[in-house]
Amino acid sequence: MKKRTLGKTGFEVSEIGLGCWQLGNDFGPVEDSEAKAILDSAAEQGINLFDTADVYGGGVSEQRIGDWLKTQKTKPVVITKVGRGGDLFPDGYNKNSVRKSLEGSKARLGVESLDLVQLHCIPPEMLKTGEIFSWMEAFQQEGLITHYGASVETIEDALVCCQSDSLATLQIIFNIFRQDAVDKLLPIAEQKNIGIIARLPLASGLLSGRMQKNRTFSAQDHRNYNSDGAAFNVGETFNGLPFELGVDLADQVKTMLPSDMNLLQCSLRWLLDQPQVSTVISGASSSQQVISNALTSDLPPLSQVLSAKLQTFYQEQVRQHIRGEI
Ligand SMILES: NC(=O)c1ccc[n+]([C@@H]2O[C@H](COP(=O)([O-])OP(=O)(O)OC[C@H]3O[C@@H](n4cnc5c(N)ncnc54)[C@H](OP(=O)(O)O)[C@@H]3O)[C@@H](O)[C@H]2O)c1
């Protein structure tokens, strides 16, 4: 597993990280033993960055990671989020309530200081006041958090966050079906030494190579209840694409690939070919998925011909179908 520097944090993190939303039972129940197996497999593969949030399973994801951390000799980097739990979202933000949420995360993770806390899709109006960034800087000075970043829905929100000088990282929706950041954000992030954390690398599984139109999802899974944006941002689940169209588009990408590469490898490798990406946080519902995803760090870059084809395909066939603001 290769490592990269995570923006201003200076942490050396694995190119492939682990998204831990599923560990909150938010995609359907996950047994404790299965959660532990997923985390163990990740560590065995050299993954040392784990992304969670206070709201995943109402704290269950953080608690599971915290329990698991106690069993680890080498401590990985655990990055969490604040801003969607308690009474904060959408307009209850104040310094004390943010602090309370952070203290909850700290207790569940069992750490002295939170490695990196990301503002979790905070409403743009709140980001624009700049106030919340100054609170995070104060928490950093107190030692409650070590670094802070932001996880955002749109490039516009990302650009607002870039105005904060101490912002260490940005987590964005980024994948071969969502390429706008390449020109519109990555150069600025690089200039400001903001590490890019790529989320939804597989467009909620569309780009795994395994997705089929007859697939069904459990009632708790956002791919069931939010496939058309009924519960939260329409641009998040399946990358904002209507599910069946997304499966068709993914099948079309498969026809562009060389015989020794599958769609999963192409999708994760495309992200790693962007030098500003510090880490790619793919979710995984099994240890086997963790292993397949981790192995893409060892693959060579995509050919220039394939990268150019993917860019054209995105512009001509995909972009117009993404719902919500990019
Ligand atoms: N607002 C935010 O800040 C925000 C929002 C969303 C996500 N996130 C973070 O981003 C992480 C990743 O998001 P995500 O899990 O929704 O998206 P994703 O990584 O694009 O998709 C993950 C899904 O793809 C499938 N998959 C993964 N590896 C596979 C493999 N090797 N073979 C076949 N299928 C595979 C699995 O689904 P099945 O096995 O169930 O098909 C898995 O649940 C989350 O865990 C979370 O940490 C943050």
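Below, a student and a tutor talk through a predicted model, one question at a time.

Student: Let's begin with charged pairs. How many salt bridges does the count come to?
Tutor: To be counted, a side-chain nitrogen of Lys or Arg has to sit within 4 Å of a carboxyl oxygen of Asp or Glu. Go through the predicted model with that rule, and the count comes to 17 salt bridges.

Student: Okay, take R199. Which residue does R199 form a salt bridge with?
Tutor: R199 belongs to strand β9, residues 195-199. Its partner is in the loop between β7 (145-151) and α6 (155-161), 46 residues apart from R199, so look at a distant part of the chain. The closest N and O atoms of the pair are 3.4 Å apart, and the partner is E153.

Student: Is E153 buried or exposed?
Tutor: The cut-off you need here is that buried means under 20% relative accessible area. E153 has 14% relative accessibility. R199 is on that side of the cut-off too, with a relative accessible area of 7%. Because 14% is under 20%, E153 counts as buried.

Student: Which residue has a side chain joined to that of E153 by a polar contact of 3.1 Å?
Tutor: E153 makes a polar contact with the side chain of R199, but that one is 3.4 Å. The contact of 3.1 Å joins E153 to the side chain of N233.

Student: Now D180. How far apart in sequence are the parts that D180 and R319 tie together?
Tutor: The side chains of D180 and R319 meet in a salt bridge, 2.7 Å from N to O. D180 lies in the loop between β8 (169-173) and α7 (181-184), while R319 lies in the segment after α13 (304-318), so the pair ties together parts that are 139 residues apart in sequence.

Student: And is R319 buried, partly exposed or exposed?
Tutor: Let's set the two partners side by side. D180, at 8% relative accessibility, counts as buried. R319 has 30% relative accessibility, and since partly exposed runs between 20% and 50%, R319 counts as partly exposed.

Student: What about K254 and D251: which helix do they both lie in?
Tutor: Their side chains meet in a salt bridge, 3.3 Å from N to O. Both count as partly exposed, K254 at 33% relative accessibility and D251 at 32%. They are 3 residues apart, about one turn of the helix. An α-helix has 3.6 residues a turn, so residues three or four places apart point the same way. The helix they both lie in, residues 243-254, is α10.

Student: Let's look for empty space. How much space lies in the largest cavity?
Tutor: Rolling a probe the size of a water molecule over the atoms shows where empty space is left. The structure holds 1 cavity of 30 Å³ or more. The space in the largest cavity is about 80 Å³.

Student: How many nonpolar residues are in its lining?
Tutor: Among the residues that line the largest cavity are V152, I155, I172, A181 and L185. E153 and D180, from the salt bridges above, also line the cavity. By class, the lining has 3 charged residues and 1 polar one, and the nonpolar residues number 7.

Student: There's a ligand too. Which residue has a polar side-chain atom 2.7 Å from an oxygen atom of the ligand?
Tutor: Some contacts come from the backbone: a backbone N or O atom of C20 lies 3.3 Å from a ligand oxygen, and one of G205 lies 3.5 Å from a ligand oxygen. Of the 31 residues around the ligand, D51, S151, R215, R223 and S285 come nearest. The one with a polar side-chain atom at 2.7 Å is S285.

Student: How many residues of helix α11 are buried?
Tutor: Helix α11 covers residues 263-272 and is mostly covered. Its buried residues include L263, C266, R269 and W270. At the start of the helix, a side-chain oxygen of N262 reaches to within 3.2 Å of the backbone nitrogen of L264. Of its 10 residues, the number buried is 9.

Student: Last one. What separation do the C-alpha atoms of G7 and A189 have?
Tutor: G7 is found in the loop between β1 (3-5) and β2 (12-14), and it counts as buried at 7% relative accessibility. G7 and A189 are 182 residues apart along the chain, and their C-alpha atoms are separated by 8.9 Å.

Technical notes. Residues are numbered from 1 along each chain as its sequence is written. This is a predicted model: local features need pLDDT of at least 70, side-chain atom pairs count only at pLDDT 80 or more; totals for chains, interfaces and linings use all residues. Side-chain values use heavy atoms; hydrogens and water are left out. Helices (H or I, at least four residues) and strands (E, at least two) are DSSP runs, numbered from the N terminus. Buried means under 20% relative accessible area, exposed over 50%, partly exposed in between (1.4 Å probe, protein chains only). On a 1 Å grid over the protein atoms alone, a cavity is a set of points where a 1.4 Å probe fits but cannot get out, and a pocket is an open set with protein on both sides within 12 Å along at least five of seven lines; lining residues have an atom within 4 Å of a point. Grid points are joined across faces, edges and corners, and a volume is the space filled by probe spheres set on the points. Ala, Val, Leu, Ile, Met, Phe, Trp, Tyr, Cys and Pro count as nonpolar, Asp, Glu, Lys and Arg as charged, and the others, Gly among them, as polar. A residue is near a molecule or strand if one of its heavy atoms lies within 4 Å of it. A polar contact is a pair of N or O atoms within 3.5 Å; within protein, one must be able to donate a hydrogen and the other to accept it, and residues adjacent in sequence count only if both atoms are side-chain atoms.
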